[in-house]
Amino acid sequence: MSPLPYDPARLAARAAEIVAATRELAALGWTPATSSNFSMRLDAGHAAITVSGRDKGRLTEADIMVVDLEGRPVATHHRPSAETLLHTQLYARFPDLGCVLHTHSRTQTVASRLFARQGHVRLAGYELLKAFAGNRTHDMAIEVPVLPNSQDMPALAAQVERLLDAGPLWGYLIDGHGLYAWGKDMAEARRHLEAFDFLLACELELRRLQP
Ligand SMILES: CSC[C@@H](O)[C@@H](O)C(=O)COP(=O)(O)O
Ligand SMILES: [Zn+2]
């Protein structure tokens, strides 16, 4: 019997998944200068998440720790990601949610700046909209919200709660900062993250070509 309040074998498995995905995303240049954070659900009350400040391009399993769904460290002296609350609020709200990914790609950051005043980026008519779970056609539109940046995580989390109250959401941008995306497991969260990045890049390119 483990004295820990979570299953250590499951933590090891999730940590390996997070490390593998993080290295790939870092190789794309989406996690500059130690930025970005990543998590996966462990069980109904716990999540595995990256330790704060670690170089995401050189992540190892030792850089993954456990928090409860209020963002408190569990059985560790490590400090969790500064943005832990933005992860745990999603696990607490959606019992089937399994993975939350946050990156700082150039495309995401530039798009967040360009569309901050508008408050959202409208993505319409793209085949890749079908990458978002539940969407069946290109013939629709979604609005990716752009929130003002803040170091006040409870305040930022409260804004995210209001967005979630308003309707289905696969992710959001934070102005001058980056993108949050999530899914039922790592594969789905990765698909959403990659679809957002690709579609935001298309919108930026269109504005260059058709100013
Ligand atoms: C290095 S600046 C980026 C951070 O302030 C933050 O936005 C971030 O994404 C990483 O923070 P972390 O505490 O390592 O999870
Ligand atoms: Zn960040």
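## Residue environments and ligand shell

With 13 C-beta neighbours inside 10 Å, A75 counts as partly exposed, because this count falls between the limit of 12 or fewer for exposed residues and that of 20 or more for buried ones. The structure discussed here is a predicted model. A75 belongs to the loop that runs between β3 (64-68) and α2 (84-93). Its phi is near 55°, a positive value in a residue other than glycine.

**Overall architecture**

The chain contains 5 helices and 8 strands. In sequence order these elements follow the pattern α-β-β-β-α-β-α-β-β-α-β-β-α. The radius of gyration of the chain is 17 Å, close to the 17 Å that the globule rule gives for 211 residues, so the chain is as compact as a globular protein of that length. Taken along the principal axes, the box filled by the C-alpha atoms is roughly 60 × 30 × 30 Å.

Of the 211 residues in the chain, 40% are buried. Among contacts between residues at least 6 apart in sequence, 62% join residues at least 24 apart.

A UniProt record (unreviewed entry) places the feature "domain: Class II aldolase/adducin N-terminal" at residues 16-204. This span is 34% helix and 23% strand, and its end C-alpha atoms lie 34 Å apart.

**The shell of ligand 1**

Which residues surround ligand 1? The shell consists of A33, T34, S35, S36, N37, T50, S52, G53, S81, A82, E83 and H102. By class, it holds 2 nonpolar, 9 polar and 1 charged residues.

A33, one member of this shell, is placed in the loop between α1 (8-27) and β1. A33 has a positive phi of about 55° although it is not a glycine. Is A33 buried or exposed? With 8 C-beta neighbours inside 10 Å, A33 counts as exposed, since the limit for that class is 12 or fewer.

H102 is another shell residue, and it lies in strand β4. With 26 C-beta neighbours inside 10 Å, H102 counts as buried. Leaving aside neighbours within four places in sequence, H102 is in contact with S36, N37, E83, G178, L179 and Y180. Of these partners, S36, N37 and E83 also appear in the shell of ligand 1.

**The annotated histidines**

At H102 and H104, a UniProt record (unreviewed entry) places the feature "binding site". H104 is found in the loop between β4 and α3 and is buried, with 22 other C-beta atoms within 10 Å. Not counting residues up to four places away in sequence, H104 touches W30, T31, P32, S35, S36, T109, H177 and G178. S36 and G178 are contacts of H102 and are also contacts of H104.

**Burial of selected residues**

The table sets out the location and C-beta neighbour count of the residues treated individually in this report.

| Residue | Location | C-beta neighbours within 10 Å | Burial |
|---|---|---|---|
| A33 | loop between α1 and β1 | 8 | exposed |
| A75 | loop between β3 and α2 | 13 | partly exposed |
| H104 | loop between β4 and α3 | 22 | buried |
| L42 | strand β1 | 24 | buried |
| H102 | strand β4 | 26 | buried |

**Strand β1 and L42**

L42 has its place in strand β1 (residues 37-43). With 24 C-beta neighbours inside 10 Å, L42 counts as buried, because the threshold is 20 or more. Apart from residues up to four places away in sequence, L42 touches Y6, R10, L11, R14, A47, A48 and V66. The C-alpha atoms of L42 and F132, 90 residues apart along the chain, are separated by 23 Å.

**Helices α4 and α5**

Helix α4 (residues 153-166) has 14 residues. From first C-alpha to last, α4 reaches 20 Å, close to the 20 Å expected at 1.5 Å a residue. Just after α4, G167 takes a positive phi of about 155°.

Helix α5 (residues 186-209) has 24 residues and reaches 34 Å between its first and last C-alpha atoms, close to the 34 Å expected at 1.5 Å a residue. Which residues of α5 are buried? They are A189, H192, L193, A195, F196, D197, L199 and L200. These buried residues pack against β4 (99-103), α3 (106-114), β5 (120-124), β6 (141-147), β7 (171-174) and β8 (178-183). One of these packing partners, β4, is the strand that holds H102.

Notes. Residues numbered from 1 in each chain as written. Chains lettered and ligands numbered in written order. Predicted model: local features only at pLDDT ≥ 70, side-chain atom pairs only at ≥ 80, totals over all residues. Helix = DSSP H or I, 4+ residues; strand = E, 2+ residues; numbered from the N terminus. Rg over C-alpha atoms; globule rule 2.2 N^0.38 Å. Contact = placed C-beta atoms within 7 Å. Near = placed C-beta within 6 Å. Nonpolar A, V, L, I, M, F, W, Y, C, P; charged D, E, K, R; others polar. Expected span 1.5 Å × (residues − 1). UniProt positions renumbered as here; feature names shortened; annotations may be inferred.
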